[in-house]
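Colleague: Got a minute? I'd like to go through this one with you before I head back to the bench.

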Amino acid sequence: MELDKIHLRGMRFVGYHGTRPEERSLGQQFIVDLTLLLDLQAAGRTDDLQQTVDYSQVHQRTRQIVEGEPLQLTEAVAERIAAAVLADHPRVQAVQVQVTKPWVRLEDTILDGSVVEIVRRRG
């Protein structure tokens, strides 16, 4: 059976992640998109929040990670978010995490952004 999906798009937070001193001292915006894969049939039939994932909780946990302890790599931020979603929400069978760092300066150019995308599955 194919799993259903909940998408959380465009969560914007300020974090202090990066390998360069200015990234860690000034901070910058990070945009997080999540896709949660789970069976939503019972929630749809019963209209019961207990049968799904309260995405306000997912949002709050994601905020804690992005706005929390500074990390060097965007990959580490994504990994912590994925691990937290799977640990906190047993109904979620897999999670896709996309973390975007907009307006990345590389030498004398500015990229629209850099994006790390990972998929983690339960078990």
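Colleague: Let's start with a detail: which residue in β2 stands opposite K5?

Modeller: That's L37. Keep in mind that this is a predicted model, and everything I tell you is computed from it.

Colleague: Fair enough. How do β1 and β2 pair, parallel or antiparallel?

Modeller: Antiparallel, over ten bridges. They belong to an open sheet of four strands, ordered β1-β2-β3-β4, with antiparallel pairing. β1 (residues 4-15) and β4 are the edge strands, each pairing on one side only. From one strand to the next, the twist averages 15°.

Colleague: And how many bridges link β3 and β4?

Modeller: Twelve, again antiparallel. One bridge pair there is V95 with R120 in β4. β3 and β4 form a hairpin with two residues between them, and E107 in that turn has a positive phi of about 55°.

Colleague: Let me zoom out. What's the order of elements along the chain?

Modeller: Starting at the N terminus, you read β-α-β-α-α-α-β-β. That is four helices and four strands. The C-alpha atoms fill a box of roughly 55 × 25 × 25 Å along the principal axes.

Colleague: How much of the chain is buried?

Modeller: Buried residues make up 37% of the 123 residues. As for contacts, take those with a separation of 6 or more: 61% of them come from residues 24 or more positions apart.

Colleague: Now the helices. Where do α3 and α4 sit on the strands?

Modeller: α3 lies across β1 and β2, running at about 35° to β1. α4 lies across β2, β3 and β4, at about 155° to β3.

Colleague: At what angle do those two helices cross each other?

Modeller: Roughly 145°, with the axes of α3 (residues 55-66) and α4 (residues 74-88) coming within 10 Å. The crossing is right-handed.

Colleague: Which residues meet there?

Modeller: On the α3 side you have V58, R61, T62, I65 and V66. From α4 come V77, R80, I81, A84, V85 and D88. Sorted by type, the residues of that contact are seven nonpolar, one polar and three charged.

Colleague: Does α4 look regular in length, or what should its 15 residues span?

Modeller: They should span 21 Å at 1.5 Å a residue. The end C-alpha atoms of α4 are 21 Å apart, so the model agrees with that expectation.

Colleague: Which residues of α4 are buried?

Modeller: T74, V77, A78, I81, A82, A84, V85 and L86. What covers them includes β2 (28-38), α3, β3 (94-106) and β4 (109-121).

Colleague: Pick one of those for me. What does I81 touch?

Modeller: Leaving out neighbours within four places in sequence, I81 is in contact with V32, L34, T62, I65, V66, V97 and V99. Its relative accessible area is 1%, so I81 counts as buried.

Colleague: How far is I81 from L34, going by C-alpha atoms?

Modeller: 9.2 Å, although I81 and L34 are 47 residues apart along the chain.

Colleague: Switching to the loop after that helix. Is H89 buried or exposed?

Modeller: Buried, because its relative accessible area is 8%, and the cut-off is under 20%. H89 is in the loop between α4 and β3.

Colleague: What does H89 touch?

Modeller: V53, D54, Q57, V58 and R122, not counting residues up to four places away in sequence.

Colleague: And Q93, where's that one?

Modeller: Q93 is also found in the loop between α4 and β3. With a relative accessible area of 33%, Q93 is partly exposed.

Colleague: What does Q93 touch?

Modeller: With residues up to four places away in sequence left out, Q93 touches L3, L37, L86, R121 and R122. You asked about L37 at the start: that's the residue opposite K5.

Colleague: Nice. One last thing: what's the C-alpha separation between Q93 and R120?

Modeller: 8.7 Å, for two residues that are 27 apart along the chain. R120 is also the bridge partner of V95.

Conventions. Residues numbered from 1 in each chain as written. Predicted model: local features only at pLDDT ≥ 70, side-chain atom pairs only at ≥ 80, totals over all residues. Heavy atoms only, no water. Axes fitted to C-alpha atoms, helices over the stretch in contact; angles between N-to-C directions. Left-handed = near helix turned anticlockwise from the far one by under 90°. Contact = heavy atoms within 4.5 Å. Nonpolar A, V, L, I, M, F, W, Y, C, P; charged D, E, K, R; others polar. Expected span 1.5 Å × (residues − 1). Buried < 20%, exposed > 50% of the residue type's maximum accessible area, 1.4 Å probe, protein only. Pairing = 2+ DSSP bridges.
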